[in-house]
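Please explain this structure to a reader who is seeing it for the first time. The account should move from the chain as a whole to one of its helices.

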Amino acid sequence: MTTASPGRGEVLAIDIGGTKIAAALVGPAGAVRAQVRVPTPRGTDDAERVWAAVRAALERVRAQAGPGGADGLGVCCAGPVDLAAGTVSPVNIPAWRGFPLIERLSALVPGPVELAGDGMCAALGEYGAGAGRGSAAMLGMVVSTGVGGGLVLDGRPYLGPTGNAGHIGHVLVEPGGEPCGCGSAGCLETVAAGPYLAAWARRRGWEAPPEAGPRELAEAARRGLPVAVESFERAGRALGTAIAGAAALFDLDRVVIGGGVAESGEVLLGPVRRHVRALARLGFQRRLRVERSALGGAAGLVGAAGLLRSREGAAAAN
């Protein structure tokens, strides 16, 4: 990764997920300005069509940057990622396999380009400016089209050798369960991610229009529809199982959950907290707090900008 120069004001950030692509200018305190959101092209094996949407979002934001523009770009992308190669292979964007994202972006935007997975960026955003502030060891999670995660340990993002540490969505929670886009079966993502959550409810009798998803399912759960309540209970159990395991491994004191499915609030977080309490029984695990994202959909953008700022800090220290 390249090193950004100190003293940076606003920086460019982009968040690339299975449902939407968001780009914005982000200030030093995490304020998001000039945000542009476009849908991620779905149902296509055309990598260039997805890239065209990314480029269009960035160009619209750069046009609003004002005099002098904003050099440098922080990139939040669904994973897996390969930081050494600068490529991405998001499970929920099938058109991109080994896609040379850093090379493409570096040719488009002046200055350094920094990449991390969506879960890592969300965790970094929440740690610096949201519900993770003050944590000594936190896991940030994105529960949306997929399930991503990222770790901030002792105040530092832990990326791992390839950049994929914290990828909790592909922890096994249901042996012999539903096939996952990663090639395995029974991953946390196949139980808790939005499309799987809604599909499970439909197979058990939830009657809703084809376009209905987790938001409508959450509304049905609030009204007490049994199959909707059961679907969120099942997702909460799976998330709680994975979180309790992560707490044992990393001595976590905080888990922050964001993403589209988490917008259902206590419909999801209530079961998650209950199952974490039931499963995390060691003394050090019991101090764990499960919080809803304070930054909402902006967490990935704020964290992506933080990638550049953390490089600035490292450069200044050296």
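In counting charges, Lys and Arg are taken as positive and Asp and Glu as negative, while His and the chain ends are left out. On that basis, this predicted model carries 32 positive and 28 negative side chains. The centres of the two sets lie 4 Å apart.

The overall form of the chain may be considered next. Nine helices and 12 strands are found in the chain. Along the principal axes, its C-alpha atoms fill a box of roughly 55 × 45 × 35 Å. The radius of gyration is 19 Å, which agrees with the value near 20 Å that a compact globule of 318 residues would have.

The division between interior and surface can also be described. Of the 318 residues in the chain, 55% are buried. The exposed area of the chain is about 13300 Å², and carbon and sulfur atoms supply 53% of that area. As for contacts between residues at least 6 apart in sequence, 64% join residues that are at least 24 apart.

Helix α5 offers a local view. This helix spans residues 194-203, and its buried residues are G194, Y196, L197, A198, W200 and A201. An α-helix has 3.6 residues a turn, so residues three or four places apart point the same way. Which helices help to cover the buried residues of α5? The cover includes α4 (189-192), α6 (214-222) and α7 (226-250). Just after α5, the backbone at G205 adopts a positive phi of about 105°.

Definitions and conventions
Residues numbered from 1 in each chain as written. Predicted model: local features only at pLDDT ≥ 70, side-chain atom pairs only at ≥ 80, totals over all residues. Heavy atoms only, no water. Buried < 20%, exposed > 50% of the residue type's maximum accessible area, 1.4 Å probe, protein only. Helix = DSSP H or I, 4+ residues; strand = E, 2+ residues; numbered from the N terminus. Contact = heavy atoms within 4.5 Å. Rg over C-alpha atoms; globule rule 2.2 N^0.38 Å. Areas by Shrake-Rupley, 256 points an atom, 1.4 Å probe, with all protein chains shown as cover. Charge placed at Lys NZ, Arg CZ, Asp CG, Glu CD.
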